[in-house]
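Hi,

Here is the two-chain model I said I would pass on. Have a look at it first, and my notes are underneath.

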Amino acid sequence: MEVLLDVRGLRTQFHTKAGVVRAVDGVSWNVRKGETVALVGESGCGKSVSALSVMRLVSAPAGRIVEGEILFKGRNLLDLPEEEMRKVRGREIGMIFQEPMTSLNPVLTVGRQLTEPLEIHLGMTKAQAHARAIELLSLVGITDGARRLRQFPHQFSGGMRQRIMIAMALACDPALILADEPTTALDVTIQAQILELMKSLSRRLGVAILMITHNLGVVARYADRVNVMYAGKIVERASARELYADPRHPYTLGLLRSVPRLDEPRRAKLRPIPGQPPDLSRLPAGCSFAPRCTYVVDRCRVEVPPLAELSADHLSACWLARDLPNLAPAEVIGR
Amino acid sequence: MSPKGEEANKKIEEANSTTAILEVRNLVKHFQIGGGLFGGRAATVKAVDGVSFSIRRGETLGLVGESGCGKTTTGRAILRLEVPTSGEVIFEGRDMARLSDAELRGMRRRMQVIFQDPFSSLNPRMTVGQIIAEPLAVHRIVPDRTARAARVHELLRHAGLLPTMARRYPHELSGGQRQRVGIARALAMEPSLIICDEPVSALDVSIQAQIINLLEELQSEFGLTYLFVAHDLSVVRHISDRVAVMYLGKIVEITDRKSLYEDPQHPYTKALLSAVPIPDPAVEAGREHVVLGGEVPSPLNPPSGCVFHPRCPIAVDDCRRVVPELREVKPGHQAACIRL
């Protein structure tokens, strides 16, 4: 399938008093037409900064994209003048964030916020934009659109606001939507509604989705392919099915083992990953995960393992990736 | 106090000495909003609307539900951080409502709380050592300074932290370490009951498991009882002996862990369980999902009859009129639904 977004060797850094934070440290990944790709990882792993980099929304002057290419439909977004980039944002690439209340303008009606991009980006008349806005609301399951358009964001519940965000992201018929933790702030039953909605819209409209999340369950249900990030790097990439059935990085393995699962017999004790995530301004030499890894060998502490192919669509950045299923984790000291 | 109430109290005291450490009876917490200085129509938010349960010594009761269901308010009303509108909270055989302020302070020592966001519950200007030492001094648990420092180190060790952490400030710690400090501070009071209010939901997945294991170790070491308030059904299943499910201020189902997860009865519990995605695409592909329509109604204006009826897949006409009582639908398994 045709590659829509191709991120190559992206490096995004933040200059702080504590030193240079390597938030995204040379990552490459892509999204093909119509598919859902996940960037998974814990807080501070660089998944959100990756998405902000694609949109060129990394806050300057502290944050800077220092290296790499972001090819969208063949054009390098990093080379575009700001004016061109503004056309890409919202029109060709839509965005959905975790907390809809902070991304919606509280003093403008929902109608105004939905119709404005239609008028600016697509040159619609007021009447056309209004009709399209009602259509968009019904697309995301909000009935009584004409009345709802006159209301303000605070008059909607959290789940409804997220539906509005989705409608806004879809407004200009984008080819790609970046969804940064789109359901993290929502309750489980509402989360299920929103994710089902996104899935069905993506199928119907052929929109590709980059889903950024920490929730392994959400990824399992909705992603086609998965990139696992740790300390600014991608440590494993595979199809969702393969990643969960045959994880080949100790971090992925650790994440999957540490969560209790409703479909498995209850374990007497959970198996957490020991230690803490590293400080991104003072990364250890060698593999960043080595200090927490139960499979660690001497080589890991000196040489950074590259993201290498195990098969055509399964990559892992671990020296032991090939043998991982046959290895027993070393005894963990402490807790 | 009515003689009848006194008699009932005595009975409970007897029962408590052998089994229940906490007994909550018909707890109600309503908030009045509006109708104040700036006018507006007064209204009542029925945050907790007649909740009853008991916890046996040494067990963990999970209290689950979505935001706004009243689970946190229930915890706060038990601690008397909110004064209940009505109902009884009997802790270690004593009715919390009838205690003098001094007695209440004493009881509060025995009943501690761990919050969701450890950062906002730790004083940023105090070192970790001072944070843990403060209650030891205030409550005269360890009045001697030197002994107190030693006790702080011991508590830090119990919480899985190095004694050197005592000199650090909260902002220097990671989320998991802060939660460990919160746990050490709760332990300092030598409580018998700890109310854990979403203790791991702000933490990263890899750290959540560390904290849950720690809570379990401490429970068996010190014979602690937990009321574990959370929205994550997988975590609650792991840690709880019994589970109560709340919806819009009411308990809709309560039973032991095994029955709740293997044989849920209430349609809301069923929907909740089916909404939890399982981290395995092979399993997910074959799973049937009951996606609940609509949203949780406002507790300002709850639906008539069964509060769940507008979203319930099996509701009938009667559900709009009849308020279902929480009743035994199977041995040891209570649910509030007239269709069962």
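B:E198 is buried: 20 other C-beta atoms lie within 10 Å of its own, and 20 or more is what it takes to count as buried. What caught my eye there is the backbone, since phi of B:E198 is near 50°, a positive value in a residue other than glycine. The residue is found in the loop between β7 (193–197) and α7 of chain B. Bear in mind that this is a predicted model, so please read everything below in that light.

B:N26 makes a nice counterpart. Its phi is also positive and near 50°, and again the residue is not a glycine. B:N26, however, lies in strand β1 of chain B, and with 12 other C-beta atoms within 10 Å it is exposed. Next to look at is B:R25, which has its place in strand β1 (residues 20–33) of chain B. B:R25 is partly exposed, because 17 other C-beta atoms lie within 10 Å. If you set aside neighbours within four places in sequence, B:R25 is in contact with B:S52, B:G87 and B:E88. As for B:V243, B:R25 is 218 residues from it in sequence and 17 Å from it in space, C-alpha to C-alpha.

Two more backbone details. After α2(B) comes B:R80, whose phi is positive, near 60°. The helix itself, α2 (residues 71–78) of chain B, is mostly covered, with eight of its eight residues buried. Among them are B:K71 and B:R76, as well as B:T72, B:T73 and B:T74. Over in chain A, the peptide bond joining A:A60 and A:P61 is cis, with omega about 0°. You will find A:P61 in the loop between α1 (47–54) and β4 (63–72) of chain A.

Now the interface. In all, 39 residues of chain A are in contact with 36 residues of chain B. On the chain A side, the elements that give two or more residues are α8 (188–205), α9 (216–222), α10 (240–245) and α11 (250–258). Which of them gives the largest share? That is α8(A), with seven residues. By class, the chain A side divides into 17 nonpolar, eleven polar and eleven charged residues.

One helix pair spans the two chains: α11(A) and helix α7 (residues 205–222) of chain B pack at an angle of about 45°, with their axes 9 Å apart. That angle makes α11(A) oblique to α7(B). Their crossing is left-handed. A:G254, A:L255 and A:S258 in α11(A) meet B:V205, B:S206 and B:A209 in α7(B). Those residues divide into three nonpolar, three polar and no charged.

Within the chains there are two helix pairs I would show you. In chain A, α8(A) turns up again, this time with helix α7 (residues 158–170): the angle is about 15° and the axes are 10 Å apart. So α7(A) and α8(A) are roughly parallel to each other, and their crossing is right-handed. On the α7(A) side the contact has A:G158, A:G159, A:Q162, A:I166 and A:L170, which meet A:I190, A:Q193, A:I194, A:L197, A:M198 and A:L201 in α8(A). Seven residues of this contact are nonpolar, four are polar and none is charged.

In chain B, helix α4 (residues 128–138) packs with helix α6 (residues 175–188) at about 20°, the axes being 8 Å apart. These two, α4(B) and α6(B), are therefore roughly parallel to each other, and α4(B) passes α6(B) in a right-handed crossing. B:V128, B:I131, B:I132, B:P135 and B:L136 in α4(B) meet B:V181, B:A184, B:R185 and B:A188 in α6(B). By class, the contact has eight nonpolar residues, no polar one and one charged.

B:A184 from that contact comes back in the largest nonpolar core, where it is among the residues with the most contacts. The core has 192 residues, and the others on that list are A:A167, A:L176, A:L210, A:V219 and B:F228. Leaving aside neighbours within four places in sequence, A:A167 is in contact with A:L114, A:L136, A:L137, A:L139 and A:V140.

Cheers

Note on methods: Residues numbered from 1 in each chain as written. Chains lettered and ligands numbered in written order. Predicted model: local features only at pLDDT ≥ 70, side-chain atom pairs only at ≥ 80, totals over all residues. Axes fitted to C-alpha atoms, helices over the stretch in contact; angles between N-to-C directions. Helix = DSSP H or I, 4+ residues; strand = E, 2+ residues; numbered from the N terminus. Parallel < 35°, antiparallel > 145°, perpendicular 65-115°, else oblique. Left-handed = near helix turned anticlockwise from the far one by under 90°. Contact = placed C-beta atoms within 7 Å. Nonpolar A, V, L, I, M, F, W, Y, C, P; charged D, E, K, R; others polar. Core = buried A, V, L, I, M, F, W, Y, C linked by C-beta atoms within 7 Å.
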